[in-house]
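Welcome! Take a moment to turn the structure around on your screen before reading on.

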Amino acid sequence: MLSFEDLKTRVADGSIDTVLTCLVDMQGRLMGKRFHAQAFVESGHAETHCCTYLLATDLEMATPDGYASTSWESGYGDYTMKPDLTTLRLVSWLDGTAMVLCDVMDHHGHPITHSPRAMLKKQIARLTKLGFSATMATELEFFLFEKSFSEIAKSGFRDLAPISDYNEDYHILQTTKEEGVMRPLRNHLYAMGIPVEGSKGEAEAGQEELNIKYADALACADHHSISKHAVKEIAWQQGHAATFLPKWSHERVGSSSHVHQSLWKDGKPAFFDPDRPNGKSELMDHYMAGLIKYAADYTYFMAPYVNSYKRFAKGSFAPTRIIWSVDNRTAAYRLCGEGSKAIRVECRIPGSDMNPYLAQAAMLAAGIRGIEEKLALPAAFTGDAYEDTASAHIPRNLRDAKEALLGSAMLRTAMGDDVIDHYARAAEWELEEFDRVVTDWEIARGFERA
Ligand code: ADP
């Protein structure tokens with residue numbers, strides 16, 4: 001991490017000349033500006049501005065209609081980007097560069113309610129009122145490719161050879177071949193204050209996983225977004241591409257982003273009770289029961305695109321059933337960790353395309369409601385959860401998840417109608433685009449034979 005005083009010193013000695021001021025957008029990407037470091041320091045890390053469309057757009061940076069927050073009619077004005085100096089860090093894979101994350105405000109200094117950082121902060125504040133803090137860890141799975149982003153794009157996204165040739169799950173030899181990307185990634189992130197635990201090969205050719213040590217919920221989401229950005233940038237620097245698409249081929253394994261979570265009270269693990277079965281406390285039962293009861297309501301925040309739903313398939317290690325189990329990778333919610341500090345619930349539904357701020361905010365909202373309602377946790381499932389037809393299925397597609405989001409009284413109360421309507425519009429727009437565009441699959445299937 002870097003203090004503002006450190007930054008000033010480094011700007012004065014010429015070792016830093018650029019400061020990235022970044023907000024996190026609806027898709028979880030870093031968006032913002034490159035400041036000359038001298039100007040950033042002289043302005044006293046002043047606030048800057050950005051167009052309101054940045055929080056009402058899609059992956060293509062389109063300007064869809066139907067958002068109450070901004071529009072052509074309202075003239076697409078400005079938001080204020082307020083640097084959060086506790087996030088100031090060096091970006092050591094870029095020359096002379098530092099980075100700071102910003103909160104998004106209106107002109108009166110009020111947080112923009114649908115901005116991802118504000119949404120997570122709101123749920124953290126609700127939890128604080130109940131006397132707890134949340135500790136989270138996200139896993140980042142992604143694929144590395146032989147070719148660069150632009151080479152792959154020029155091939156019409158057909159030249160998709162992964163960087164290595166066979167399943168590299170826990171495979172040291174295969175992952176040694178990927179160290180050109182992975183070693184600088186781990187080391188640069190660690191140097192910038194992101195507590196990287198390690199990386200490992202995953203269950204496909206070219207598939208890697210990055211593990212970051214748990215942190216308080218906001219820091220965890222910050223770590224995730226910066227790390228995801230770093231994966232793409234460092235891969236690009238090495239002439240390779242990286243994708244966080246959950247399913248880039250129906251013949252390949254998908255990529256997930258499991259979220260580990262536990263609550264703490266006064267520095268002690270509140271999910272632990274050695275006198276109860278599996279060592280989990282009554283509080284953990286209520287929290288997990290909330291996660292389960294409201295899973296469909298917030299699936300959109302864990303699976304925000306059409307492609308996200310291709311991951312949820314039998315025998316894939318991605319869940320299909322809304323059910324919990326003890327250390328069982330076929331269930332959507334896995335109780336894991338032995339002992340007081342490690343006991344936690346892992347939600348296995350989120351895909352690698354999730355926005356961590358939104359997924360964590362939604363899970364906290366569901367868990368808080370579970371605590372408030374003192375929900376009872378059903379008995380743990382044992383066996384192959386893919387075969388359990390008694391439990392509810394995770395929404396099967398974006399359309400169903402959007403409907404569940406729109407109709408969620410729990411999320412409307414926790415996050416606000418304006419926020420839910422905003423993201424439901426994002427989902428609807430994604431579907432409108434998908435319905436409009438003719439895909440390769442349709443042409444190949446029907447061109448001659450239909
Ligand atoms: P998996 O076995 O699902 O691949 P990993 O071992 O890769 O899981 O990841 C475990 C993650 O859980 C790590 O990022 C670790 O920091 C995190 N973790 C450990 N204890 C806790 C806790 N009490 N609360 C939240 N996360 C935790």
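This short report looks at the domains, then at some paired strands, and then at a pair of helices.

## Two domains

Please keep in mind that this is a predicted model. The domain assignment splits the chain into domain 1, covering 4-112, and domain 2, covering 123-442.

Taken over C-alpha atoms, the centres of domain 1 and domain 2 lie 26 Å apart. The two domains touch each other: 25 residues of domain 1 are in contact with 25 residues of domain 2.

## Strands side by side

Let us begin with strand 4, which spans residues 78-83. Strand 3 (residues 48-51) pairs with strand 4 in the antiparallel sense, over 4 bridges. Strand 6 (residues 97-105) is also an antiparallel partner of strand 4, again with 4 bridges.

Thr-80 is a handy residue to look for here. In strand 4, Thr-80 stands opposite His-49, and Thr-80 has Met-105 as its bridge partner in strand 6.

## Two helices that pack

Now find helix 3 (residues 116-129) and helix 7 (residues 217-237), which pack at an angle of about 155° with their axes 10 Å apart. Angles over 145 degrees count as roughly antiparallel, so helix 3 and helix 7 are roughly antiparallel to each other. Their crossing is right-handed.

Which residues of helix 3 and helix 7 meet? Helix 3 brings Arg-117, Leu-120, Lys-121 and Ile-124, while helix 7 brings Ala-217, Leu-218, Ala-221 and Asp-222. By class, this contact of helix 3 with helix 7 has 5 nonpolar and 3 charged residues, and no polar ones.

Note on methods. Residues are numbered from 1 along each chain as its sequence is written. This is a predicted model: local features need pLDDT of at least 70, side-chain atom pairs count only at pLDDT 80 or more; totals for chains, interfaces and linings use all residues. Side-chain values use heavy atoms; hydrogens and water are left out. Axes are lines fitted to C-alpha atoms, for helices over the stretch in contact, and angles run from 0 to 180 degrees between N-to-C directions. Helices (H or I, at least four residues) and strands (E, at least two) are DSSP runs, numbered from the N terminus. Angles under 35 degrees count as roughly parallel, over 145 as roughly antiparallel, 65 to 115 as roughly perpendicular and the rest as oblique. A crossing is left-handed if the near helix is turned anticlockwise from the far one by less than a right angle, and right-handed if clockwise. Contact means heavy atoms within 4.5 Å. Ala, Val, Leu, Ile, Met, Phe, Trp, Tyr, Cys and Pro count as nonpolar, Asp, Glu, Lys and Arg as charged, and the others, Gly among them, as polar. Two strands pair if DSSP finds at least two bridges between them. Domain bounds come from an automatic or database domain assignment.
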